[in-house]
Structures are given as structure tokens and as C-alpha cells.
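Let's take a walk through a protein model together. Have a look at the sequence and the structure before reading on.

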Amino acid sequence: MSQCKFLATPKLDFIIKGFVLLVGALFFVPIMLSQQIKIDTASARAMLKALQNSNLTNDQAMTVAKLEGNQGMIKEMHGLGEADTEEQFAHALVAAAHGLPARTPAEESYMFSAVKNSAPAISALLDQIEAGFQTQLRDHIRPYVARPDSVSVRGFVVAGGDGGGYAFGGQDFYLNIALNDDIVMAKQVMIHEAFHGAQGAVYHEDTEHWAKERTLPADLVRGAFCSSTAELFMDMRNEGTAKFVGSDDILKDAKGPTGQRPYAESLYGKEHLSDSANLLEISIASLQAPTPVPYRVVYSVDFWGRGIVYSISSAMVSAIVDQDGPAAVAQVIQQPGYDFVLRYTRLKNYGKDRAHPRLGENTVSAAQSLHDGCPSGSPSPSTAPSVRPN
Ligand SMILES: [Zn+2]
């Protein structure tokens, strides 16, 4: 998985207030941005226009569904187990445009009626995004990518569905403008998601190969554990670096409640890093239990909702940058997640203060084992030598 905490943002109230109603300009206005980052608002613009059409036909709604950004929205809904076909999208859109309730709870999850009600504020936010957002985005990300001129990412702005921002591991990312109630939050989410796009451009870790290469029954068990832990460490690397680059500190200027809430939660998380490290340790232990907890369950507890494992992940990145400088982020995203974990444990200040909490023995052992190729005879956590800071 490569989704974000934003993916699991609870269905927030569409409280988007305080923006000036703009007249007209509801048509798609593509922005061709810098060579490195492109932002496409066509899906969101088409959505707003369609929702104003009380005679919208199913064919017209299907045309909106086929736009590239809206295809991402449908894919995201699939990941959440909600309505995930173009037909459902179109039905939900037609119903909202006609002022009718959605046919099913799944189609209701697109929340198109709420988008319709917030159309003026959403349009105003789109205007701000189209007014040069890409330059800010590019400048913010450049210091953390080794060869930024060779990295090309695309952002799609959509309006509707669940999750405020998401990416799927490639170079495309998505912002759901309907769940970002001011431009400050939209900026922070886009930086975060754009950095996921940059990650997708520079390195891809095949975390599943551990399971594929093992054929003996005992090795299948071992392989599944290796894959799951590699996935968890990769998600920590991806989310930790994206959260470091798209810092929650940006949100201290957020005016709306959806931006203020994650900022307050991030402050709490920084004060409780040991809890975050402990949940990580419990997660690793659960993955190697006699009946392992499925990784999707671990992921949802660690990264969705309040996203407790985000805190230790981003703190690990901060600690690495404190010692080795910003260029270390570019190095980290070109290496497997388990090496990111090991790099943290080897910092001079590892385990010496609250900003550098020790990781659990199961956690460090699992990272070391992956680094060593995850051999079948890997020492059990109780006998594994812990990795000590140099
Ligand atoms: Zn993320």
C-alpha cells in the first residue's frame, strides 16, 4: 500500500466557508506547469459544471467519470471498498445534479450533493490552485530529490469521494479539493502527495518478492512475514519522508477545521513518540504471530484514522536530517524501507532523548533480517542481536 493518512480522513463535514463567490469560470482550465510538476484541475471543474446541470444525462455523467482524475477517484473508492465503477460514479453524479438522493449508501459515499452545495467555495479554491500553485510545490520539493529535473509528477484535483489526498505508488497524485477547506491545507496535502509522486519516480521497492521466492512450507510463512514487514517499513519510509517534506507545521496557518485538526494531532504525536514506536513494535510482533494479523489490518491501525505510526516515521526522518542534512531525504527515498529504519538506529543520538526514541527489539530485528536477505534461519526476536548505534 502506498496510500496516506489523508486517504482515511473521516467523512468530514463540507464546511467550506468564507470564500468569495466567483461568477462563471466553471470550465476546465488546464495548467501546464513547470517541467517537473503538472496540476490538472479538469476533473474538479467538470464535476462542478455537471452538478449545476439539472438536466444532466447519464452519458454526460459517464464522460465526467472517464476524466483521468476521476478515474483516480474511482480507484481510490475501490481501495476503500466503496462504489468503484464508472456506472456507479455516473449514477451518483446524475442523482446529485437532479437534486435526488443517491440510490445506495455506496454511491452516497461519493458525497456529490455536498460538493454541489459547496461549489462556490470549491471554485474559489480551484482559482487559487490554478494561479501558480505548481511553482510553490516544485520549489518545496526540489531540495529533497536527488535529480529534480529528471523527476516528473502529475497532480489531479478532483471534487468528491473519500480521502483528502492520495497516491497509488506511481508518479500521479490526487487532491480531493472538497475535503480541503482552505488553501493552506490544500497546499500541505499537495506537497505531501506530490512527494509520494516523486518517490514513485525515483525508486520502487518490490516488497512482495520475499514471499514469491520461497517455496517450502516453512519458508512460505517466513516469506509472508518478510513481505509484510518490508511493506510496513516501506510505508514508514514513504509516509515519514512525505510528512517531513509536507510538514504539518504548514497547517498552523490553516483557517478551517479540517486543517486545524491534523495540526493539533501532529503536536500530540510529537509529544508521544514512544507510543508510536510501541505501536510499531506491536505491529511487527502481530505480523509474526502463529496466526499472523493480516497486513491490511496492521496498516489501517497504524496509518489510518489518527495515524499513530506517522509520528515515529516522520520523527525518524527529522532525526536523520538533523544529523546528516536535508540531502539525506533524497538518499532515504532511494533505499528500501528497512534500511531507513536501520539508518535511524545508527544515529549518534539514537535512544538518547525523547526526540530519538529507541525502537522495539522485534522492529530492529526485522529490519536487520530484511537487510540480510531475510534468511529462513533468521534468529528469532528473542535471540537476535539488537542493532546498536555506532
Ligand atoms: Zn502519504
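What percentage of the residues of the protein count as buried? Of its 390 residues, 51% do. Here a residue is buried if 20 or more other C-beta atoms lie within 10 Å of its own, exposed if 12 or fewer do, and partly exposed in between, with C-beta atoms placed from the backbone. Keep in mind that this is a predicted model: local features need pLDDT of at least 70, side-chain atom pairs count only at pLDDT 80 or more, and totals for chains, interfaces and linings use all residues. Residues are numbered from 1 along each chain as its sequence is written.

The protein has 18 helices and 4 strands. Helices (H or I, at least four residues) and strands (E, at least two) are DSSP runs, numbered from the N terminus.

Let's start with the strands. The 4 strands form an open sheet in the order β1-β2-β4-β3, with mixed pairing; two strands pair if DSSP finds at least two bridges between them. At the edges sit β1 (37-40) and β3 (165-167), each pairing on one side only. Going across the sheet, β1 and β2 run parallel and are joined by 4 bridges, and one residue pair to look for is Ile 39 with its bridge partner Gly 155 in β2. Next, β2 and β4 also run parallel, joined by 5 bridges, and Val 158 has Asn 176 in β4 as its bridge partner. Then the sense flips: β3 and β4 (residues 172-176) pair antiparallel over 3 bridges, and Tyr 166 is partnered by Tyr 174 in β4. As for β2, 5 of its 6 residues are buried.

A helix packs on this sheet too: α1 (residues 42-51) touches β1 and β2 (153-158), and its direction makes about 15 degrees with that of β2. Angles like this run from 0 to 180 degrees between N-to-C directions, and axes are lines fitted to C-alpha atoms, for helices over the stretch in contact.

Now find α11 among the helices. Its 29 residues should span 42 Å at 1.5 Å a residue, and its end C-alpha atoms are indeed 42 Å apart; the expected span is 1.5 Å times one less than the number of residues. Of those 29 residues, 23 are buried.

How do α11 and α18 pack? Helix α11 (residues 217-245) meets helix α18 (residues 361-371) at an angle of about 105 degrees, with their axes 10 Å apart. The two are therefore roughly perpendicular, the label for 65 to 115 degrees; under 35 counts as roughly parallel, over 145 as roughly antiparallel, and the rest as oblique. The contact is made by Cys 226, Thr 229, Ala 230 and Phe 233 of α11 and Ala 366, Ala 367 and Leu 370 of α18, where contact puts C-beta atoms, placed from the backbone, within 7 Å. An α-helix has 3.6 residues a turn, so residues three or four places apart point the same way.

Another helix to find is α15 (residues 308-324), where 12 of the 17 residues are buried. What covers the buried residues includes α11, α12 (257-271), α13 (273-287), α14 (295-303), α16 (327-332) and α17 (337-345). After α15 comes Gly 325, with a positive phi near 90 degrees.

Last stop: Thr 85, in the loop between α3 (68-79) and α4 (86-97). Thr 85 counts as partly exposed because it has 14 C-beta neighbours inside 10 Å.

Conventions
Two residues are in contact if their C-beta atoms, placed from the backbone, lie within 7 Å.
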